[in-house]
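Here are my comments on the structure you sent round, set out as numbered points so that each can be taken up separately.

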Amino acid sequence: MAKAKEKVLVLDFGGQYNQLIARRVRDHHVYAEIKQYTTDIEEIKAENYKGIIFTGGPNSVYDMSSPHYSKEILELGIPVLGICYGCQLITWMCDGKVESAINSEYGKIQIDISKSESKLFKDVPKENIVWMSHTDYVSEIPKGFEVTASSKDCPCAAFENVDKNLYAVQFHPEVTHSEYGNVILKNFLYEVCHCSGDWQMDSFIDNTVNALREKIGDKKVVLGLSGGVDSSVAAALLSKAVGKQLTCVFVDQGLMRKNEGDFVEETFTKLFDMNFVRVNCGHEFISKLKGATDPEDKRKIIGTEFYKVFWDKIREEADGGFFAQGTIYPDCIESGKGNADKIKTHHNKVAMPEDIKFDDVVEPLCDLFKDEVRVVGEKLGIPKELVWRQPFPGPGLGVRIIGEITEEKIKILQDADAVFRDEIAKSGIAQDLSQFFCVLPDVRTVGVMGDHRTYDHLVAIRAVTTDDFMTADFARIPYDVLARVSNRIVNECEHINRVVYDITSKPPGTIEWE
Ligand SMILES: Nc1ncnc2c1ncn2[C@@H]1O[C@H](COP(=O)(O)OP(=O)(O)OP(=O)(O)O)[C@@H](O)[C@H]1O
Ligand SMILES: O=c1[nH]c(=O)c2[nH+]cn([C@@H]3O[C@H](COP(=O)(O)O)[C@@H](O)[C@H]3O)c2[nH]1
Ligand SMILES: NC(=O)CC[C@H](N)C(=O)O
Ligand SMILES: [Mg+2]
């Protein structure tokens, strides 16, 4: 990445979207770096930041044990933008009032801008939709501040103290579901902080390939390759860097979608000139999962088994060399990084078993978001069908079968999911959906088929739209497509007599059910 003269600090109070804030700032050609709220004020003073952004966070500012910061930071003359928890924190630091609200606001909310001449709201319509995720709210703004926007349940959705260059928004401008979020961030950077935009994304590919070459040297490297977007892009980068020193290991853990294993094997042996190994270990995974029902337990078992397979392969193929994964930024943050709450442990972030010690794990995509990874993939010349595949989680159907996993349930879910995917492909709306799949909740319901009573499984269908998978909305699939999916699933798939559609956004839901 090119060196920038001006930069903005994202001060991390444990929010889920901190890297996303930094990334959105980078999109506006201003370099952003993230530091923990425990960073010393002297370190901040020394850096000459053009602006500071306080992130969201899971805590309540009025709890004394919550992350706070010295009020001095607001007096440095550097513009500050507080987002969500950060907005509440500015209030708390300046003696305003923050309380727990009766009505939480989650998801899309309309705000009304009361001060259209606010620098933050340049080119933003008076009424617009933002994304909220909070229970606490600012009931009284601090002295010297002025309310600039409100929503139905949030009287102080935005406020500012122009003289002191302090700005606060209860909503999240960094997520794409805030319609004018990008404009608001841009306004903060250019209208308030007076940035000039001197940061350009340098050639990520060249820098990464060089860094990989240097790190790996003449050793060998084993990459976990799932056939998904991230590991395919990681494979292409690694192959460019170290060629045949790379071996790609595809683990068929028995929890794949219907025919997925064969698709991956065929694609990677025919399309690419890489060392490719397929390990079929479905029975081992399923027997280890026997009796496990808790989502985190299941994730940990699957993650641990993955490590064991890779460890064996490292010893066989790479003899003490490197282990690589296609981990991207959201995998880290949702597994509980820094001060952020753990939402779910992604399989590739499970603690390694004690007897397994990879020297060093190579994760060339760990700072990127999915849409950035796709751009890199396209630049590397990976075929569009691979680059634009929907993501598929490492634990596979294991996190889509609620409760205990059995071979029978896997088969039921694979069949229903195959029908759903087929209908979506036929209806021509696949490119409008970011991810879509079936879930098998541990629920049976009564039905009537051919005048007989049935008591069988319920299948849920889930389809979302999102750019970054950190937030998502449920997809508005046309009713006639839903009708065909439902009809075909109950008719063609054994042991399913009911289909429901999940209409939850993220937050408050997550995309997967476990
Ligand atoms: N079945 C698998 N075999 C080998 N490695 C895997 C498998 N599933 C996941 N991994 C490893 O775990 C990493 C994270 O999985 P994840 O599903 O997030 O990424 P992906 O499969 O590469 O891409 P996508 O998100 O598009 O599915 C992968 O990049 C890969 O290194
Ligand atoms: O490789 C993975 N290992 C995992 O353990 C995992 N859990 C969730 N996901 C995928 O991450 C995205 C966000 O999912 P959630 O909203 O359910 O957290 C979605 O795209 C999910 O499919 C995973 N991917
Ligand atoms: N997303 C956030 O920053 C939430 C802040 C605070 N915990 C609330 O619920 O209001
Ligand atoms: Mg995957």
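**Notes on the model**

1. Setting aside neighbours within four places in sequence, valine 229 is in contact with Lys370, Val373, Arg374, Gly377, Val387, Arg389 and Pro391. This should be read with the caution due to a predicted model. Valine 229 itself is located in helix H6, which spans residues 229-242, and it counts as buried because 24 C-beta neighbours lie inside 10 Å, where 20 or more are needed.

2. Serine 231 is also placed in helix H6, and with 24 other C-beta atoms within 10 Å this serine is buried. When neighbours within four places in sequence are left out, the contacts of serine 231 are Leu223, Gly224, Leu225, Ser226 and Gly326.

3. Both residues appear in an annotation: the UniProt record, an unreviewed entry, gives the feature "binding site" at Ser226, Gly227, Gly228, Val229, Asp230, Ser231 and Ser232. Ser226, one of these annotated positions, is among the contacts of serine 231.

4. Turning to the sheet, nine strands make up an open sheet with mixed pairing, and their order is S2-S1-S3-S4-S9-S8-S7-S5-S6. Strand S2 (31-36) and strand S6 (127-140) are at the edges, and because each has a single partner strand, one side of each is left without a neighbour in the sheet. On average, neighbouring strands of this sheet are turned by 20 degrees against each other, direction ignored.

5. Within that order, strand S4 (residues 80-83) and strand S9 (residues 166-169) run parallel and are joined by four bridges. Glycine 82 has alanine 168, in S9, as its bridge partner.

6. Two helices that pack on the sheet deserve a comment. Helix H1 (residues 18-27) touches strand S1 (7-12), S2 and strand S3 (51-54), and its direction makes about 160 degrees with that of S2. Helix H4 (residues 181-192) packs on the sheet by touching S1, S3, S4, S6 and S9, with its direction at about 145 degrees to that of S3.

7. Finally, which residues are around ligand 3? They are Gly15, Gly56, Gly57, Pro58, Asn59, Ser60, Cys84, Tyr85, Ser133, His134, Thr135 and Asp136. Strand S6 supplies the largest share of this shell, four residues, and S6 is also one of the strands at the edges of the sheet. By residue class, the shell around ligand 3 divides into three nonpolar, eight polar and one charged.

Conventions
Residues are numbered from 1 along each chain as its sequence is written. Chains are lettered from A and ligands numbered from 1 in the order in which they are written. This is a predicted model: local features need pLDDT of at least 70, side-chain atom pairs count only at pLDDT 80 or more; totals for chains, interfaces and linings use all residues. Two strands pair if DSSP finds at least two bridges between them. Axes are lines fitted to C-alpha atoms, for helices over the stretch in contact, and angles run from 0 to 180 degrees between N-to-C directions. Two residues are in contact if their C-beta atoms, placed from the backbone, lie within 7 Å. UniProt positions are given in the numbering used here, feature names are shortened, and annotations may be inferred rather than shown by experiment. A residue is buried if 20 or more other C-beta atoms lie within 10 Å of its own, exposed if 12 or fewer, and partly exposed in between; C-beta atoms are placed from the backbone. A residue is near a molecule or strand if its C-beta atom, placed from the backbone, lies within 6 Å of it. Ala, Val, Leu, Ile, Met, Phe, Trp, Tyr, Cys and Pro count as nonpolar, Asp, Glu, Lys and Arg as charged, and the others, Gly among them, as polar.
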